[in-house]
Amino acid sequence: MLHTAIIEGRQQLRGDETLVDVRNPATGEVLAALGWASPSTLVEAIDAAEAAAKAWTQTLAKDRELILLKAAEAVERRRARIVDLLTTETGSTLAKAHWEVAFVINMLRSAAGECRRIFGDTLPSDTPGLMSFAIRQPLGVIAAICPFNFPFLLSVKKVCMALAAGNTVVLKPAEEASLVGLEIGAIFEDAGLPDGVLNIVPGDGEVLGPILTSDPRIKLVSFTGSTAVGRKVAVACARVGKKHILEMGGKSPLVVLNDADLVYAARCATLGIFFHQGQICMASSRLIVEAGVYDRFAEIFTGIATRLTVGDPQDPGTVVGPLIRAEQCKFIAAQIADACAGGARVLCGGTYDGPFFSPTIVADVPTTSRLFREESFGPVVSLIRAEDFDHALALANDTSYGLSAAVITNDLQKAMTFALKAHAGMVHVNGPTAYDEPHVPMGGVGDSGFGGRESGTYNMDEMTELKWITVQLGERPMPI
């Protein structure tokens with residue numbers, strides 16, 4: 001079956017698209033044929049979004065709210081199909097796919113509530129008889145550029161918040177998750193979204209990205225992906241004065257202190273680094289453990305990791321599935337080799353077969369190594385010994401990233417000190433670094449994020465323009 005861009009609610013091969021095969025990363029099986037959009041197709045999508053914005057920006061909150069609630073119902077009905085797409089196109093395990101779908105249902109309902117929470121302010125004035133207030137208005141057309149790791153969740157997050165604010169959208173899904181992206185169009189069609197309000201354009205990011213960042217009709221670019229690509233997006237948007245939100249990479253620390261429940265800490269670490277094969281920007285990729293419990297924690301954590309099942313993501317017993325790109329395995333292996341050359345030890349794993357990388361724990365990782373510094377995006381974690389709490393905090397902050405951080409401790413003083421001083425946009429006490437909810441301020445600092453937060457009310461500020469309005473009652477005295 002051939003899949004193509006969705007423009008004004010219709011899929012149609014336009015003649016200049018590049019045809020590519022969509023493959024299952026676990027087996028290499030061809031799932032479908034896909035027409036990657038050409039620049040002219042993307043421009044057509046922007047045209048459609050701009051035309052639809054004239055009516056959509058004027059819709060009532062209750063109408064947008066109803067569509068988002070109906071979209072949640074559509075996801076419920078399509079759950080089995082979406083789970084199948086996530087497992088076959090992106091290598092998600094069944095547990096991860098079901099979790100992602102459930103999250104999206106809650107997120108759509110949460111976004112529906114935001115339609116009625118686009119608040120302004122009344123402002124005191126220094127001028128007699130002057131009414132002064134601020135309102136928020138839709139931006140117009142928003143571009144959403146999305147990654148492969150949580151393609152359904154992260155794409156819908158951008159789309160639903162943009163729609164709730166009264167904007168139209170051009171969605172560019174990840175190259176490796178285009179079928180999932182196109183499914184989102186079918187969901188919103190079921191929900192009654194007018195044609196042209198959401199347009200979905202799969203294709204090569206290097207070809208389509210420069211158009212999205214330069215076209216003046218697009219008022220905001222919302223990007224989730226690697227820090228390297230995010231920087232390019234930022235430069236391109238800055239060149240033309242375009243608003244942008246960047247949610248990028250991470251090298252998130254999970255700190256385990258001497259008083260921690262080590263079994264619970266190891267379980268947090270297991271979820272934080274091995275869920276979805278570690279292909280999570282918030283992954284607990286650096287485990288910083290106080291010296292007093294370092295060896296015992298390593299023993300417990302290694303015991304858990306060696307029992308995790310690696311294999312077919314559609315097998316209910318599988319915990320670790322394939323990496324979406326088999327070549328990533330060589331990149332990770334090179335990081336491990338570099339760390340070991342500096343004195344690190346592989347406690348378990350370190351091997352791969354095709355796209356399947358075994359759960360890997362590397363102990364005594366030097367802070368100068370690539371494994372400590374670079375994002376791996378795979379099921380590999382650095383274990384680092386900390387002399388005490390202050391050293392652990394310093395190690396946690398020894399990174400250019402700043403997405404998420406976590407600490408496992410029963411010491412409230414240390415927990416709060418860590419929460420306040422950790423260089424991260426999100427900090428979790430007694431939980432894993434990988435955590436999200438539909439209404440929270442999701443985002444990071446440093447090389448992990450720029451331009452605002454995603455989700456809930458915090459995202460609505462970015463999705464709207466603030467306008468100041470004054471009304472003079474009577475005549476105002478004029479100085480000249």
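This is a walk through a few helices and residues of the structure above. The model is a predicted one, so please read the distances and contacts below as computed from that prediction.

Let's begin with helix α5, which spans residues 151-164 and has two helix partners to look at. The first partner is α6, made of residues 178-190. The axes of α5 and α6 come within 9 Å and cross at roughly 40 degrees. That angle makes α5 oblique to α6, and the crossing is right-handed. If you would like to see the residues that form this contact, pick out P151, F152, S155, V156, V159 and L163 on the α5 side. On the α6 side, they meet V180, I184, I187 and F188. Sorted by class, the residues in this contact are nine nonpolar and one polar, with no charged ones.

Now turn to the second partner of α5. Helix α2 covers residues 61-77, and its axis comes within 10 Å of the α5 axis. Here the crossing angle is roughly 160 degrees. Angles over 145 degrees count as roughly antiparallel, and α2 and α5 are therefore roughly antiparallel to each other. This crossing, too, is right-handed. From α2, the contact uses R64, L68 and V75; from α5, it uses F152, C160, L163 and A164. By class, six of these residues are nonpolar, none is polar and one is charged. It is worth pausing on F152 and L163 while you have α5 in view: both take part in the contact with α6, and both also appear in the contact with α2.

Helix α5 leads us on to a strand. K158 shares a polar contact of 3.0 Å, side chain to side chain, with S222, a residue of strand β11. The strand itself runs over residues 218-224. Is S222 buried or exposed? With a relative accessible area of 1%, S222 is buried. Setting aside residues up to four places away in sequence, S222 touches A143, A144, I145, K158, I245 and E454. Among these, A143, A144 and I145 sit in strand β8, which covers residues 141-145.

Strand β11 is also one of the elements around helix α7, which takes in residues 205-214. The buried residues of α7 are L208, G209, I211, L212 and T213. What do they pack against? Their partners are helix α1 (39-56), strands β8 (141-145), β9 (168-172) and β11, and helix α8. At the N-terminal end of α7 you will find D204 acting as a cap. One of the side-chain oxygens of D204 lies 2.9 Å from the backbone nitrogen of E206.

Helix α8, one of those packing partners, spans residues 227-239 and contains A234. The relative accessible area of A234 is 19%. The cut-off for a buried residue is under 20%, so A234 is classed as buried. Beyond its neighbours within four places in sequence, A234 is in contact with H244 and L246. I245 is 11 residues from A234 along the sequence, and the two C-alpha atoms are 8.5 Å apart. You have met I245 already, as one of the residues that S222 touches.

Next, have a look at the loop between α3 (79-90) and α4 (94-114), where S92 is found. S92 has 0% relative accessibility and counts as buried. The side chains of S92 and T90 are joined by a polar contact of 3.0 Å. Residues up to four places away in sequence aside, S92 touches L86, T87, A97, H276 and P313.

Our last stop pairs a loop residue with a helix residue. N410 is placed in the loop between β20 (404-408) and α14. With a relative accessible area of 63%, N410 is exposed. From N410 to A72 is 338 residues in sequence, and their C-alpha atoms are 39 Å apart in space. Helix α14 itself covers residues 412-421 and includes A415, whose relative accessibility of 4% counts as buried. Leaving out neighbours within four places in sequence, A415 is in contact with V407, T409 and V429. The C-alpha atoms of A415 and E100 are separated by 30 Å, with their positions 315 residues apart along the chain.

Notes:
Residues are numbered from 1 along each chain as its sequence is written. This is a predicted model: local features need pLDDT of at least 70, side-chain atom pairs count only at pLDDT 80 or more; totals for chains, interfaces and linings use all residues. Side-chain values use heavy atoms; hydrogens and water are left out. Helices (H or I, at least four residues) and strands (E, at least two) are DSSP runs, numbered from the N terminus. Buried means under 20% relative accessible area, exposed over 50%, partly exposed in between (1.4 Å probe, protein chains only). A polar contact is a pair of N or O atoms within 3.5 Å; within protein, one must be able to donate a hydrogen and the other to accept it, and residues adjacent in sequence count only if both atoms are side-chain atoms. Contact means heavy atoms within 4.5 Å. Axes are lines fitted to C-alpha atoms, for helices over the stretch in contact, and angles run from 0 to 180 degrees between N-to-C directions. Angles under 35 degrees count as roughly parallel, over 145 as roughly antiparallel, 65 to 115 as roughly perpendicular and the rest as oblique. A crossing is left-handed if the near helix is turned anticlockwise from the far one by less than a right angle, and right-handed if clockwise. Ala, Val, Leu, Ile, Met, Phe, Trp, Tyr, Cys and Pro count as nonpolar, Asp, Glu, Lys and Arg as charged, and the others, Gly among them, as polar.
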